[in-house]
Amino acid sequence: MARITALDSGTYYHHRTLYEPRYRDFFDEIVYIRDLAETDLSAHEIVLVSCRTDPSQLIPCRQQFADYLAGGGTVVAMGSTGQPAWLPGISWHDTPTNFWWWKEGGSLGLEVVAPGHPLFAHMTLGDATWHHHGYFDVPEGATSLIDVAGKGSVLYDDRATTGGRMLVTALDPMYHHGSHFMPATTRFLDGFLPWLKSL
């Protein structure tokens, strides 16, 4: 079972996700974001950067992340963390966010594009469907797991760009779970965290 280290920015939604009993046992260590620069990441198997962590706290640690990945580490970069500013090889496109697609009777336009990926033994597309704020271009050699149809990825698995692994997503389940709304986000974490722990 992988050892997961999660970053905590001290927000209410991080507290609910990281410290309350539902998910607490998935995290072997929790590092406060302002202590990140003094943390030896080489001792950590997986570093999970929690949803909506302020990019201004991550950008000064850009080289630290690059060195960690070069050494074979795994970074899980959750949504709304400004990934292109602190991780290598990431290309992001903002889009308008449709918060009401489910009331309008339409579709969010998401599709699973790698159904054989082990993650989907733990969760469904419905568990990843609430809204998104944009999409990523998929780096050469990386695998998109969920796409915005005809545009780009909202979740991809990249073992090609660096010597390590990056799981990069536009989705922000920790924020919504921690805010007590959007049940799909809780289902997402119910599947995603056990899969991550199994790596």
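Which residue's side chain meets that of Arg52 in a salt bridge? The partner is Asp172, with N and O 2.9 Å apart. This is a predicted model, and this briefing walks through its salt bridges, two backbone angles, the nonpolar core and helix α1. Welcome aboard!

**Salt bridges between distant parts of the chain**

- Side chains of opposite charge can pair when their charged atoms come close.
- The model holds 8 salt bridges in its count.
- In the Arg52–Asp172 salt bridge, Arg52 sits in the loop between β3 (46-49) and α3 (55-58), while Asp172 sits in the loop between β10 (165-169) and α6 (173-178), so the pair ties together parts that are 120 residues apart in sequence.
- The two partners differ in their surroundings: Arg52 is partly exposed, at 27% relative accessibility, whereas Asp172 is buried, at 0%.
- Why does Asp172 count as buried? Its relative accessible area is 0%, and the cut-off for buried is under 20%, so Asp172 falls in that class.
- Arg22 and Asp190 form another salt bridge, and their closest N and O atoms are 2.8 Å apart. Here helix α2 (residues 21-24) supplies Arg22 and helix α7 (residues 183-197) supplies Asp190, with 168 residues separating the two.
- Asp190 itself is partly exposed, having a relative accessible area of 34%.
- Helix α7 also takes part through Arg187, whose side chain meets that of Asp127 in a salt bridge of 2.8 Å, N to O. Asp127 lies in the loop between β6 (110-112) and β7 (134-137), and the pair is 60 residues apart.
- Within this pair, Asp127 is buried with a relative accessible area of 11%, while Arg187 is partly exposed with 39%.
- One network also appears: Arg3, Asp28 and Lys197 are joined by salt bridges that share partners.

**Positive phi angles**

- Most residues other than glycine have a negative phi.
- Ser80 has a positive phi, near 60°, and is not a glycine. You will find Ser80 in the loop between β4 (74-77) and β5 (91-94), where this serine is partly exposed, with a relative accessible area of 34%.
- Met182 is another non-glycine residue with a positive phi, in this case near 75°. Met182 belongs to the loop between α6 and α7, and its relative accessible area of 22% makes it partly exposed.

**The largest nonpolar core**

- How many residues make up the largest nonpolar core? There are 60, and Leu48 and Phe65 are the ones that touch the most other members.
- Helix α7 contributes the largest share of this core, with 7 residues.
- Setting aside neighbours within four places in sequence, Leu48 is in contact with a run of residues early in the chain's numbering, namely Ile4, Thr5, Ala6 and Leu7, along with Phe27, Val76, Met78, Met174, Leu193 and Leu196.

**Helix α1 and its packing**

- Which residues of helix α1 (residues 12-19) are buried? They are Tyr13, His14, Arg16, Thr17 and Leu18.
- These buried residues of α1 pack against two strands, β1 (4-8) and β2 (29-32), and against the helices α2, α6 and α7.
- Helix α7 thus comes up under several headings: α7 holds Asp190 and Arg187, gives the core its largest share, and is among the elements that α1 packs against.

Key:
Residues numbered from 1 in each chain as written. Predicted model: local features only at pLDDT ≥ 70, side-chain atom pairs only at ≥ 80, totals over all residues. Heavy atoms only, no water. Salt bridge = Lys/Arg side-chain N within 4 Å of Asp/Glu carboxyl O. Helix = DSSP H or I, 4+ residues; strand = E, 2+ residues; numbered from the N terminus. Buried < 20%, exposed > 50% of the residue type's maximum accessible area, 1.4 Å probe, protein only. Core = buried A, V, L, I, M, F, W, Y, C linked by side-chain atoms within 4.5 Å. Contact = heavy atoms within 4.5 Å.
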